[in-house]
Amino acid sequence: WTVIRPFLAFVLVSFISDLINLINYRFDVWVVGNSAGTSQLGLYAVAVGLGQLFFYIPEPFSRVVQPYLYGDSSPAMVERYQFITRLNFPTVALLSLLLALVAVWVIPLLYGNEFLGATSALYWLLPGIVFVSSSKLVTPLLVGRGLIRFYLYATTTAAVVTIILDLLLVPRWGIVGAALASTV
């Protein structure tokens, strides 16, 4: 029991954090569907789908940095981690800016002219996506240091803020309100 108990506690905190994060990522879809209707939900789904492609950019950076994070807290490791993190942020920011510049052409090309309205939500989602991409590299650092409870605190705080803002902004501003709530 002494071996399994810490393991189960770690797994439980991780699972609850991931579940809260899932709710945080999906609650806006429910609110848009119920407040703005299915056509707006379709537009929002396109914007979210394109924006979430940028969540895959930090994955290779995270894989590179993970070996340095587990069991090594030397200044050299911290320097390597900071270097990788500094590569991730401008990469995601630059690619997000590029998508913002070409979105009015890319969205109709991929989905048809009917989905051009998704660009406004995409513009509001991209700044949040840029900053969230950095958290994708902070999480392994927290896990490697045994500080997973801070991941739980962060996901819970983000979910509460997003839910409140979704309920306030989506009825007024539709998909732009949902995107703004997600970015905050």
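**Core and selected residues of an all-helical predicted model**

In the largest nonpolar core, which has 33 residues, the members that touch the most other members are Tyr44, Phe54, Ile107, Leu122 and Leu125. Two or more residues of this core come from each of α1 (4-35), α2 (38-52), α3 (58-69), α4 (75-111), α5 (118-144) and α6 (148-183). Helix α5 gives the largest share, 8 residues. The model is a predicted one.

The protein contains 6 helices and 0 strands. Read from the N terminus, the order of elements is α-α-α-α-α-α. The C-alpha trace extends over about 55 × 35 × 20 Å along its principal axes. Of the 184 residues in the protein, 35% are buried. Contacts between residues at least 6 apart in sequence were also examined, and 75% of them join residues at least 24 apart. The exposed area of the protein is about 10500 Å², and 72% of this area is supplied by carbon and sulfur atoms. There are 9 positive and 7 negative charges in the protein, and the mean positions of the two groups lie 9 Å apart.

Tyr44 was considered further as one of the core residues that touch the most other members. When residues up to four places away in sequence are not counted, Tyr44 touches Asp28, Val29, Val32, Ala121, Leu125, Ile175, Ala178, Ala179 and Ser182. Leu125, one of these partners, is itself named among the core residues that touch the most other members.

Leu41 is located in helix α2. This residue counts as partly exposed because its relative accessibility is 23%, and the buried class is limited to values under 20%. Apart from its neighbours within four places in sequence, Leu41 is in contact with Val29, Val32 and Gly33. Val29 and Val32 are also touched by Tyr44. Leu41 and Pro127 are 86 residues apart along the chain, and their C-alpha atoms are separated by 20 Å.

A second group of contacts involves Asn24 and Thr162. Asn24 is part of helix α1, and Thr162 is part of helix α6. Asn24 has a relative accessibility of 9% and therefore counts as buried. Thr162, at 4%, likewise counts as buried, because the limit for this class is under 20%. The side chains of Asn24 and Thr162 make a polar contact at 2.8 Å. A polar atom of the Thr162 side chain also lies 2.8 Å from the backbone oxygen of Ala158. With residues up to four places away in sequence left out, Asn24 touches Ala158, Ala159 and Thr162. Under that same exclusion, Thr162 touches Asn24 and Ala181. Ala158 thus appears both as a residue touched by Asn24 and as the residue whose backbone oxygen lies 2.8 Å from the Thr162 side chain.

Thr139 belongs to helix α5, the element with the largest share of the core. Is Thr139 buried or partly exposed? Its relative accessibility is 22%, so Thr139 counts as partly exposed. Phe55 lies 84 residues from Thr139 along the chain, and 13 Å separates the C-alpha atoms of the two residues.

Definitions and conventions:
Residues numbered from 1 in each chain as written. Predicted model: local features only at pLDDT ≥ 70, side-chain atom pairs only at ≥ 80, totals over all residues. Heavy atoms only, no water. Helix = DSSP H or I, 4+ residues; strand = E, 2+ residues; numbered from the N terminus. Buried < 20%, exposed > 50% of the residue type's maximum accessible area, 1.4 Å probe, protein only. Contact = heavy atoms within 4.5 Å. Areas by Shrake-Rupley, 256 points an atom, 1.4 Å probe, with all protein chains shown as cover. Lys, Arg positive; Asp, Glu negative; His and termini not counted. Charge placed at Lys NZ, Arg CZ, Asp CG, Glu CD. Core = buried A, V, L, I, M, F, W, Y, C linked by side-chain atoms within 4.5 Å. Polar contact = N/O pair within 3.5 Å; in protein donor to acceptor, adjacent residues only side chain to side chain.
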